[in-house]
Amino acid sequence: MLMVGLTGGIGSGKSAVAARLADLGAVVVDSDRIAREVVAPGSDGLAEVVATFGADVLGPDGALDRPALGALVFGDTTARRRLEEIVHPRVRARTAELAAAAPVDAIVVNDVPLLVEVGLAPTYHLVVVVETAVATRVERLTRDRGMSRADAQRRIAAQTDDAGRRAAADVLVGNDGSRDDLHAAVDALWRGRLVPYEKNLRARRVVRADRVVLAEPDPTWPQQYERLAARIGHALAPARPRIDHVGSTAVPGLAAKDVVDIQLTVESIADADGPFAERLARAGFPRFPGDWWDSPRPPDGSPGEKRLHGSADPGRPVHLHVRAAGSPGWRYALLMRDHLRADPDRRASYQAVKRDLAESTPDRAGYAAAKEPWFDEERRRAEDWAARTGWRP
């Protein structure tokens, strides 16, 4: 099943997005509702809250007095963290139970207000963030929830800001327009990305392109890599393998195919098979079929021994190169990246070659083969640069 994390600042309209996704067929797991359930009267969660904060947090009916508890923890970091230690593990356990009960082909949307704040983004196949201007959010909170403007502003300021949520977002859904505008955006996301992603994930199918189209340099490529690397790292935990951003999207200012290349280091290539490969596939990074290839030759002229994984997400193609530490291909990927980062003239030369070949030889295999003479020559320059500078991978 596809696991989607949904979040947004208070007053952003996240609940409206969750409701629309439920209408479309998603299994929505509401963390706010679960958080209330785990401290309901008679629960061990409520008993621990009372033991920690005192009986004054109970109302006359024996239920949790949320305003009273909020007054104790709001603005007190230690108290808030203690409350989170009580509530969050119970919420995660119940969330896992609900997800496990969903059909195998489900798109499970976990509605989590503090997804970014508690570091949950890497646990999902995709993170969707609802973003709305602060002024609009303040207006909604005062109108719909009866808050004062000052209280609304304090609640907004207590959460991660828009930049922090944006860094965690694979998808941004803007909600400053009408409800119809919001529904149209969510419907497009459902049809164009979530449904095909779930099908690809279940079939272990990789998103691939056989035609080369160069994109202009995207300053968000490194940030996209960071999200992908965090997801890969979570999938392989508790192991902590080296993960590097390589290829053209790792070189600032360089036009490239809009494919994020990642190198994942293993001690031995034999480690890349079996359970290791299956964990990557479950995380959304299945292995490419057969010997599908898209990289220049390493220095010894051979294709190099590696395993190539991709992405099941139609919105973010990835080439995940799994190589053994110290192997020729492993070193070559890091050397060429750092050499091109360091030398603007060679970077410009490579860009000119890429643009010419993308126009004259746009099929994937032909494009890759046609670049090899340039790389054969450039490798000697890169090795000279490494010797002069004392570069190490």
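The following paragraphs describe two sheets, the helices that pack on them, one buried lysine and one pocket in a predicted model.

Five strands make up an open sheet with parallel pairing, and their order across the sheet is β2-β3-β1-β4-β5. The edges are occupied by β2 (27-30) and β5 (171-174), each of which has a single partner strand, so that one side of each is left without a neighbour in the sheet. On average, neighbouring strands of this sheet are turned by 25 degrees against each other when direction is ignored. Within the sheet, strand β1 (residues 2-8) is joined to strand β3 (residues 107-111) by five bridges in the parallel sense, and Leu2 is found opposite Ile107 in β3. Helix α1 packs on the sheet through contacts with β1, β2, β3 and β4 (126-131), and its direction makes about 155 degrees with that of β1. Helix α9 (residues 179-203) lies across β1, β3, β4 and β5, where it runs at about 160 degrees to β5.

Lys14 belongs to helix α1, which spans residues 14-24. Because its relative accessibility is 10%, and the limit for a buried residue is set at under 20%, Lys14 counts as buried. When residues up to four places away in sequence are not counted, Lys14 touches Leu6, Thr7, Gly8, Asp111, Pro113 and Val130.

A second open sheet, of four strands, has the order β7-β9-β11-β10 and mixed pairing. Its edge strands are β7 (243-246) and β10 (306-309), each of which pairs on one side only, and the twist from one strand to the next averages 25 degrees. Four bridges link β7 to strand β9 (residues 260-266) in the antiparallel sense, with Leu264 in β9 as the bridge partner of Ile243. Helix α10 packs on this sheet and touches β7, β9 and β11 (318-324), its direction making about 150 degrees with that of β7. Helix α12 (residues 328-342) also lies across β7, β9 and β11, and runs at about 50 degrees to β7.

The second largest pocket holds about 250 Å³ of space. It is lined by 20 residues, of which Ala169, Asp170, Arg193, Gln224 and Arg227 are the closest to its centre. Helices α9 and α10 (221-236) each supply at least two residues of this lining, and the largest share, five residues, comes from α10. By class, the lining of this pocket comprises eight charged, six polar and six nonpolar residues. Helix α10 is thus placed both in the lining of the second largest pocket and against the four-stranded sheet.

Methods
Residues are numbered from 1 along each chain as its sequence is written. This is a predicted model: local features need pLDDT of at least 70, side-chain atom pairs count only at pLDDT 80 or more; totals for chains, interfaces and linings use all residues. Side-chain values use heavy atoms; hydrogens and water are left out. Buried means under 20% relative accessible area, exposed over 50%, partly exposed in between (1.4 Å probe, protein chains only). Contact means heavy atoms within 4.5 Å. Two strands pair if DSSP finds at least two bridges between them. Axes are lines fitted to C-alpha atoms, for helices over the stretch in contact, and angles run from 0 to 180 degrees between N-to-C directions. On a 1 Å grid over the protein atoms alone, a cavity is a set of points where a 1.4 Å probe fits but cannot get out, and a pocket is an open set with protein on both sides within 12 Å along at least five of seven lines; lining residues have an atom within 4 Å of a point. Grid points are joined across faces, edges and corners, and a volume is the space filled by probe spheres set on the points. Ala, Val, Leu, Ile, Met, Phe, Trp, Tyr, Cys and Pro count as nonpolar, Asp, Glu, Lys and Arg as charged, and the others, Gly among them, as polar.
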